[in-house]
Structure formats: C-alpha cells, structure tokens
Amino acid sequence: MQSLQNFKSALVFFLFILSMNSFTQSSSNLDEDFLNSLDESVREKIEGNNEDEQELDYLLNSDSSVTKNKQILQLIKKQLDELEKEMVDDPNLFEENFQRFGESFFSSIQSTFMPINMPNFDGSYILDFGDKLQLQVVGANSNIYENIPVNRDGSITLPNYGAVNVAGTSLSEASKIVKEFISTKSRGDEAFLTLTEVRDIQIAMIGGVVAPGIYTVSGTSNILGLLNAAGGISSSGSFREIKLLRNNRVIAIVDLYDWIIFGKDITSMNLKSGDVILVGNLDFNVGISGAINNPAIYDIKKGENLNDLISFAGGLSQDVDTSSTIIVERKGSQRLDLLNVQNPDNLILQPKDSVIVPMYDKKLALTKTVNIKGHVNLPGTYSIKDGDKLSQLIKRAGGYKSNAYPYGGHLFRNNVKEQAQSFDKRVYSETINFLISGIGNSVGSQTLTGDFIEVLIEEFKSQEPINRIVTEFDLNSIYNDPSLDLFLADGDEIIIPQLPQEVYLFGDFNQPSVFRYDPSYSLDDYIKMAAGKKESSTNHIIVIDPDGRANYYKSKSFNIFNQGIKIYPGSIIYLPREIGKLEGIKFAATVAPIFSSLALSLASISAIDNN
C-alpha cells in the first residue's frame with residue numbers, strides 16, 4: 001500500500017508539472033529519479049506501455065485546449081485506477097461482492113482519443129462533405145482517379161466527365177449514380193466508386209458519462225464507440241436510456257441492455273457532425289445473487305418486475321433450489337422486510353431492493369456448515385464462508401415465519417461449550433480443594449459435614465455445560481445497527497422458536513408451574529399463582545429473558561420486585577433454594593451462589609427444550 005501511496009503522490013506532482021509547462025512534455029521524458037522512486041511493477045507498467053506513451057505524446061504536443069487537457073487527465077486517471085486495483089492486496093476494498101452490470105464493457109484503458117480515419121466498406125455509409133473517393137474507369141478510357149473529395153455543395157468532380165451530386169446518399173446509391181452518369185458521357189466505359197477516406201465529425205457527449213465533452217471522431221463511428229471514448233456510463237448515468245439528438249429532436253433512444261444482454265444491433269445508426277448523445281439519469285438499480293447465471297447489480301426502469309431482472313441476469317442457474325422461493329430484501333427508512341416470491345411477474349421492483357435466489361449447494365459436505373431450524377421458511381443445513389453473518393443466514397433461510405419469535409432465538413456454538421466445560425472443571429477442582437482443606441472445614445461458626453460435601457459434589461456432576469450465545473436476532477435492529485450482527489462459525493446451530501404463550505416458574509415456589517402469559521400480569525401476580533415462596537427459599541430471584549439474558553434481583557420483600565421488572569412470553573422466573581436450611585446439612589453461605597448458578601442453568605435448558 002505504501003508503494004501505491006508513493007505513486008499517487010508522484011502522479012499529483014507530475015500533473016502539476018504538466019500544467020506549469022502547458023502540456024508540452026511527453027511521458028517519455030519523465031525524470032529518471034522519479035521513475036526510480038516508484039515500485040518496480042508500477043515503473044515497468046509506465047515504461048513498458050508504448051502505446052500509452054505515444055498517446056500522451058500526441059496529446060501533450062497538440063493544442064492545449066480545455067478539451068485536450070481533460071482528455072489527458074482522464075487518460076491518466078484511468079491508468080491510475082487500473083494500477084490501484086492491481087496493487088491493493090484486498091480486492092474487496094473496491095467491490096463488496098459484485099459490480100454494476102455493464103461497467104466492464106467500458107473499463108479498459110482507452111488506447112487513443114485521436115480520430116480514427118479508416119474507410120468503411122459498408123454500402124450503407126452516408127456520404128457527406130469531407131469524404132474522399134476513388135474512381136476507377138474500365139473501358140476505352142480506363143483510368144484511376146484518386147482522392148476525389150465530396151465538396152461543400154454535396155457534389156464530386158469527376159475528371160474528364162464533370163460534376164455529380166452524391167451528398168446525403170449511401171455509398172451504394174452513389175456508385176449507381178456515378179455509373180449511370182459516366183455511361184451517358186462515354187459509352188462502353190464502366191465506373192467503380194470506392195470510399196478511401198472518411199470525414200471527421202464532432203459529436204457532443206453529455207449527461208451520465210464519465211467524461212462529457214465534444215469529441216472529434218471518424219464519420220464511421222457509432223454510439224458504442226463514442227460511449228467508449230467518453231469512458232463509459234457514470235455511476236449516476238443509465239445504461240437503459242441513451243438519446244440521439246439531431247437538430248434539437250430525439251431521433252433514437254438506445255437501451256444498452258438490448259445489445260449487451262440480448263445481442264440486438266444498435267450500431268447501424270449513422271452519426272452526423274453536430275449530433276448530441278445524451279445519457280439519461282439512472283432510475284435505480286437492484287442486485288441479484290445466488291442461483292443466477294450472471295449475478296450483478298442491474299439498472300431498472302420504473303415498472304419493471306422481478307421476472308425482468310431474472311431475464312437480465314441470464315436466467316436461473318443449474319444450481320437453483322427449486323423447492324425454495326425467491327427472496328426479496330426490501331429496505332425502508334427504518335425497517336427491513338423479507339418477501340418470499342412465488343410468481344416473479346407479480347412483484348414490481350423498488351429502489352433499495354436486493355434479490356437472493358436460493359441455491360442448492362453441491363459441495364455442502366466439504367464446506368463449513370451451520371444448521372438453522374425452527375420457525376424459518378427454509379430450515380436446514382447451509383454452507384458458509386468466512387465473514388458470513390447471522391442476518392445473511394436468516395435471509396438465505398427465507399426469513400422468519402409469521403409466528404416466529406426472534407426475541408427467543410438461540411445460537412449454540414461448540415467452542416463455547418468446550419470453554420464452559422473447562423471452566424466447570426476448574427471451579428469444581430478449586431471448590432473441592434477448598435472444602436477438604438484445613439481452612440475449608442469450617443466457615444464462620446458453621447461446620448461442613450461429609451453429607452454436605454457429598455451433596456455439593458453430586459450437584460456439580462449433574463450439570464450440563466452451557467453453549468448458548470446471547471445475540472440479536474431481530475433483522476430490523478441489525479439493519480439499524482450492523483454492529484449487532486454476529487459472525488457465524490462452523491457447526492453453529494440456530495433455533496428460532498414459535499411465539500410462546502407461557503411463562504415458566506421454577507425453583508422453591510410452593511407450586512412451581514408453567515402459566516399462560518398475560519401482558520397485564522406483574523411478577524407478583526405470577527408468584528401468587530405459584531402459591532408464593534417456600535420458607536426454604538432465598539431472598540433473591542432471577543428472571544431470564546427469552547433472549548437468554550439473566551436479571552438478578554434481591555429483596556427481603558417480593559413487592560419491590562414489581563418495580564420495573566418486565567416479563568415476556570417465554571420468560572423464566574427462578575427462585576433459588578437456601579440449601580443451608582436443608583435438614584441435616586450445615587450450609588456455608590459462601591458456597592450458596594454456586595448452587596444458584598447451576599440450578600439456573602438447568603432451568604434455562606429445560607425451557608429451551610420445551611420450545
């Protein structure tokens with residue numbers, strides 16, 4: 001990247017020198033120290049591109065008009081862009097996933113801005129002032145007459161025969177006219193007319209092109225050649241609406257997709273000096289990816305539907321998953337909607353849409369995979385690549401069903417379980433060592449009996465490690481804050497539950513149970529429905545939200561719990577038991593939180609299984 005920065009700095013300095021010298025020095029006269037300061041690959045590209053050197057030499061030694069200066073700067077800018085793409089290690093800095101369709105047709109560095117003057121042997125070419133012809137007479141007066149110009153009045157002067165008008169006629173028509181004219185002047189002579197040099201014309205390129213301006217080109221040029229000379233369509237220009245204006249009238253409207261995609265001929269329109277090519281503004285564009293032959297971003301006209309987009313993209317590929325529906329991601333100002341489309345003709349495309357065609361992955365077993373199940377439209381196992389995120393998987397799975405409960409979504413990860421197992425072993429070991437040591441035989445005035453230690457060990461052994469990651473599953477929240485989107489890992493398992501109608505009460509209640517969720521009920525209402533707490537319960541309570549977040553509250557009176565404590569569908573209300581009050585066991589208060597945490601884990605797992 002440093003060499004790229006050096007090249008940019010050097011190029012800016014080079015442009016400054018050019019402007020100070022009125023563009024009179026060619027690129028072949030670059031200072032040797034300047035060249036030696038560049039990266040070797042950059043220096044070789046500059047020194048080895050003879051064609052570009054000749055081009056710059058021509059431009060720099062010609063007139064210093066604004067048009068020529070713009071052409072020089074445009075040429076150098078395009079060369080810099082090409083070099084920059086080659087030198088950057090990560091190509092994703094330039095493109096997210098794919099580019100706008102059609103850009104590659106005009107992305108190459110222009111070899112020349114000079115008029116190309118080559119004869120056109122197509123008989124449809126329209127003759128006009130500035131063209132030059134060759135006349136060959138065969139017969140009694142055989143001869144060849146070179147460089148016969150078309151005069152301003154539209155006539156050509158044929159030596160020994162006189163003048164005849166040909167301007168405005170095609171080359172084929174002009175040949176017939178000349179043959180008939182000579183046959184009347186000299187019987188037995190046969191004439192053959194050939195185009196040897198075409199005139200230059202000036203065309204104005206305006207609107208959505210990279211380098212608008214007036215271009216001097218060959219009279220045989222067409223719209224595609226002019227667009228190429230002007231650097232192609234700009235980011236705000238449209239590939240779909242290009243107007244040819246003559247004498248302030250629109251004589252043709254060109255849709256480049258007709259040529260790029262469907263192969264229709266759009267090069268047969270003859271251009272005349274003074275014509276204007278106006279590239280219209282882009283309406284909007286839509287990206288399409290997945291099981292499609294040409295994934296890209298396409299220009300869309302108002303009123304076009306999803307089937308039109310699929311047609312532009314070359315149709316569905318052989319990898320399409322025919323059992324799935326096409327997904328349209330539709331972004332609004334504050335929300336994100338996922339539409340599952342059965343009939344593409346019925347969906348009119350809108351700005352900010354993007355389309356995903358479900359793909360059957362034939363390399364599923366060889367790739368990293370994740371599994372998503374529950375209430376999504378397309379549950380199953382999906383392949384992933386590095387950098388894929390949770391929201392992308394949900395979209396590939398067709399989005400949520402209408403009765404899904406994203407707030408209660410679960411994501412389980414293997415390495416989290418491994419870390420939990422390692423932590424549990426360490427806590428278990430440290431606790432046992434504490435209890436059997438001389439220091440741990442008593443805590444305060446209470447003595448730890450063998451029965452208590454045995455209960456504690458069994459409690460540890462009965463626990464299952466937790467491997468759930470608490471994260472955001474709501475697509476609108478992720479859309480508004482992309483930092484909430486979690487990166488996926490190989491082996492992840494995602495469960496999207498159905499919207500529950502229950503609230504779970506576990507622990508030391510007189511009648512622990514599962515109750516119907518009612519938004520008007522408070523925590524105290526649910527505790528009363530469980531017949532209150534037992535005498536053996538602790539003075540703290542834990543509420544687990546459906547997303548896995550646990551909230552700890554402590555009070556001598558449960559009434560204070562009702563202040564600001566929210567209960568959701570699927571919430572778990574857990575009341576720990578004071579183990580120190582168990583008959584026959586003397587409990588050390590310092591060990592109590594361990595039991596609470598372990599019991600809480602079991603309660604959470606039970607609730608998950610019930611969903």
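Trainee: In this predicted model, does Asp 283 count as buried, partly exposed or exposed?
Mentor: Buried means under 20% relative accessible area and exposed means over 50%, with partly exposed in between. The relative accessibility of Asp 283 is 38%, so Asp 283 counts as partly exposed.

Trainee: Which residue forms a salt bridge with Asp 283, and how far apart in sequence are the parts that the pair ties together?
Mentor: Lys 302 is the partner, and the closest N and O atoms are 3.6 Å apart. Asp 283 lies in the loop between β10 (276–281) and β11 (284–290), while Lys 302 lies in the loop between β12 and α9 (306–312). The pair therefore ties together parts whose separation in sequence is 19 residues.

Trainee: Is Lys 302 buried or exposed?
Mentor: The cut-off for exposed is over 50% relative accessible area. Lys 302 has 65% relative accessibility, so Lys 302 counts as exposed.

Trainee: Which residue meets Asp 299 in a salt bridge, and are the two buried or exposed?
Mentor: Asp 299 belongs to strand β12 (residues 296–300), and its partner is found in the loop between α5 (66–87) and β1, 199 residues apart. Both Asp 299 and that partner are buried. The side chains meet at 2.7 Å, N to O, and the partner is Arg 100.

Trainee: How many salt bridges does the structure hold?
Mentor: Side chains of opposite charge can pair when their charged atoms come close. One example is the pair of Asp 337 and Arg 335, at 2.7 Å from N to O. Salt bridges also link Arg 240, Asp 255, Lys 301 and Glu 304 in a network. The number of salt bridges in the structure is 18.

Trainee: Within what arc do the buried residues of helix α6 fall?
Mentor: The buried residues of α6 are Leu 171, Ala 174, Ser 175, Val 178, Phe 181 and Ile 182. On the other side of the helix, Lys 176, Glu 180 and Thr 184 are exposed. The buried residues line one face of α6, because, seen down the helix axis, they fall within an arc of 135°.

Trainee: Against which strands do the buried residues of α6 pack?
Mentor: Helix α6 covers residues 171–185 and reaches 21 Å from its first C-alpha to its last. Its buried residues pack against β1 (132–138), β3 (155–158), β4 (162–165) and β5 (190–197).

Trainee: Which helix gives the most to the largest nonpolar core?
Mentor: This core has 48 residues, and Leu 227, Leu 256, Tyr 298 and Leu 306 touch the most other members. With five residues, the helix that gives the most to this core is α7 (residues 223–229).

Terms used: Residues numbered from 1 in each chain as written. Predicted model: local features only at pLDDT ≥ 70, side-chain atom pairs only at ≥ 80, totals over all residues. Heavy atoms only, no water. Core = buried A, V, L, I, M, F, W, Y, C linked by side-chain atoms within 4.5 Å. Buried < 20%, exposed > 50% of the residue type's maximum accessible area, 1.4 Å probe, protein only. Helix = DSSP H or I, 4+ residues; strand = E, 2+ residues; numbered from the N terminus. Expected span 1.5 Å × (residues − 1). Arc of directions from axis to C-beta. Contact = heavy atoms within 4.5 Å. Salt bridge = Lys/Arg side-chain N within 4 Å of Asp/Glu carboxyl O.
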